[in-house]
Amino acid sequence: MAPSMRVGDVEVQGLADGILKTSLDLVIGMERAEADKLVGGTDNGSLYIPVNNFLIRRAGKTILIDAGAGNTMQPTLGRLPANLRAAGVDPTAVTHIVMTHLHPDHANGLVDDAGKPHYPNAEIVLHQTEADFWMKPDGANDPDRVKGNRARTAINLKPYLGRLRRVRDGEDYLGFTPVLAPGHTPGHTCWLLAARGGGFMAFGDVVHLSAIQISHPDTALTYDLDKDQAIKSRKRILDMAATERLGIAGAHVNAPGFGYVVRKGPRFSFEPAG
Ligand SMILES: [Zn+2]
């Protein structure tokens, strides 16, 4: 059975897209030996991180957080539509997909290989800043990885252009409030969901390597477009999650992907839920 977490009157279900092979070579700001030890040892730096998506059903809406990688990255990914069906939800029944950001492992699964939508009845919900950044024309000095992801974003969003909901800071939509946490991407967003008797936050890619970056939030990854800003955002969000005792769901947090951030001296640790 898929893992789930209850916060107040809200139940959040975890749905895997698969696992992503990555490497400690991408870690910035930590000695390799320490990074290796924190993740429990690796084979020459290679390690696997989960790609988690989340399902929330409330007020007659069926809401997904992020859409997985589709067939575009690694053969171990792209399982979200099948796992959704296994959880009893047909992809046509999804009414909204709330995006933390528009990177490939979160957004390429919006469409199939032919560019057709996997979720033909869903509205895409994203922060205005994230939409603006990836949908604007390339600048002459933009790095290739930005240009490449803009081209792919055009494919991912094409069938949804008529039902794109851009949310601004402070706005409440479907009970969600965006908390901009830029750095990884300019509009990377954590989504806060008020629940009776608690709060829940989908924190996207605030951490990629949960075994490293929760206890050592100064450690960045080359995936971050602006690593200094990403570090600041990570510290702010971890602090907020611990202070407000928010239930957390992280896109790359190790299984079950849910839990609570707690303070441990000047640092943080993670208390898995369940
Ligand atoms: Zn990611």
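**Exercise 1. In what order do the seven strands of the open sheet stand, and what is the pairing?**

The structure is a predicted model, in which local features need pLDDT of at least 70 and side-chain atom pairs count only at pLDDT 80 or more, while totals for chains, interfaces and linings use all residues. Residues are numbered from 1 along each chain as its sequence is written.

Strands are DSSP runs of E with at least two residues, helices are runs of H or I with at least four, and both are numbered from the N terminus; two strands pair if DSSP finds at least two bridges between them. The order in the open sheet is β1-β2-β4-β5-β6-β7-β8, and the pairing is mixed. Because β1 and β8 (164-167) each have a single partner strand, they stand at the edges, and one side of each lacks a neighbour in the sheet. From one strand to the next the twist averages 25°, where angles run from 0 to 180 degrees between N-to-C directions and axes are lines fitted to C-alpha atoms, for helices over the stretch in contact.

**Exercise 2. Trace the pairings from β1 to β5.**

Step one: β1 (residues 4-7) and β2 (residues 10-23) run antiparallel and are joined by four bridges, with Val7 opposite Val10. Two residues lie between these strands in their hairpin, where Gly8 takes a positive phi near 55°.

Step two: β2 is joined to β4 (residues 46-58) by 11 bridges, again antiparallel, and Leu15 stands opposite Asn53.

Step three: β4 pairs with β5 (residues 61-65) in the antiparallel sense over five bridges, and here Ile56 stands opposite Ile63.

**Exercise 3. Compare the span of helix α7 with its expected value, and locate its buried side.**

The expected span is 1.5 Å times one less than the number of residues. For the 17 residues of α7 (residues 227-243) this should give 24 Å, and the end C-alpha atoms are 24 Å apart, so the two agree.

A residue is buried if 20 or more other C-beta atoms, placed from the backbone, lie within 10 Å of its own, exposed if 12 or fewer do, and partly exposed in between. The buried residues of α7 are Ala230, Ser233, Arg234, Ile237, Leu238 and Ala241. They cover an arc of only 130° around the axis, and therefore lie on the same side of α7; the arc is that of the directions from the helix axis to the C-beta atoms. The exposed residues Asp228 and Thr243 are on the face turned away from that buried side. After α7 comes Arg245, with a positive phi near 50°.
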